Amino acid sequence: MKGIKRFGKRGKLCPRFTGPFEILEKIGQVAYRLALPPALSAVHNVFHVSMLRKYVSDPSHILSYEGLQLQSDMSYEEQPVQILDRKDKVLRNKTIALVKVLWRNSKVEEATWELESDMRAQYPELFR
């Protein structure tokens with residue numbers, strides 16, 4: 001299951017924000033109904049205000065919404081794009097080789113450190 005994350009769960013491969021989406025109506029004191037795209041039709045469209053972020057409009061800011069290819073169980077598989085960096089982590093008795101991996105649909109700031117041995121086994125094309 002490594003590399004597969006479910007929509008809405010926190011994790012290092014989970015997209016930080018999805019959107020922006022239009023607010024259709026306010027429900028009670030702390031909930032909003034959002035206009036979600038058809039690809040997210042299985043997601044409940046009412047969100048607590050703590051899950052939403054304010055968008056400050058800027059005429060020069062052009063939003064490019066890149067939809068995720070969600071499967072029927074609302075999960076998606078992340079694919080690595082490239083290796084950004086390498087380092088060796090020294091423990092008491094051994095040294096562990098790590099690589100910093102840039103994932104598809106993620107920014108450079110969201111790149112993660114992974115075990116080099118695991119990445120070589122799963123994605124040998126990154127090391128050619």
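In this predicted model, strand β2 pairs with strand β3 (residues 31-35) in the antiparallel sense, and five bridges join the two. Two of the facing positions are easy to pick out: E22 lies opposite A35 of β3, while K26 has Y32 of β3 as its bridge partner. The two strands make up a hairpin with three residues between them. Within the turn sits G28, whose phi is positive at about 70°.

The hairpin belongs to a wider arrangement. An open sheet is built from three strands in the order β2-β3-β4, with antiparallel pairing. Because β2 (22-27) and β4 (46-48) each have a single partner strand, they stand at the edges, and one side of each has no neighbour in the sheet. On average, neighbouring strands of the sheet are turned by 35° against each other, direction ignored.

Attention now turns to the nonpolar interior. The largest nonpolar core consists of seven residues, namely V99, V101, W103, M119, Y123, L126 and F127. Strand β7 (residues 95-103) supplies the largest share of this core, three residues. A second core, separate from it, has five residues, among them L34, L40, V43 and F47. Such groupings fit a broader pattern: in soluble globular proteins, nonpolar side chains tend to be buried together.

One member of the largest core, L126, deserves a closer look at its surroundings. When residues up to four places away in sequence are not counted, L126 touches P80, V81, Q82, I83 and M119. Of these contacts, M119 is itself listed in the seven-residue core alongside L126.

Terms used: Residues numbered from 1 in each chain as written. Predicted model: local features only at pLDDT ≥ 70, side-chain atom pairs only at ≥ 80, totals over all residues. Heavy atoms only, no water. Pairing = 2+ DSSP bridges. Helix = DSSP H or I, 4+ residues; strand = E, 2+ residues; numbered from the N terminus. Axes fitted to C-alpha atoms, helices over the stretch in contact; angles between N-to-C directions. Core = buried A, V, L, I, M, F, W, Y, C linked by side-chain atoms within 4.5 Å. Buried < 20%, exposed > 50% of the residue type's maximum accessible area, 1.4 Å probe, protein only. Contact = heavy atoms within 4.5 Å.
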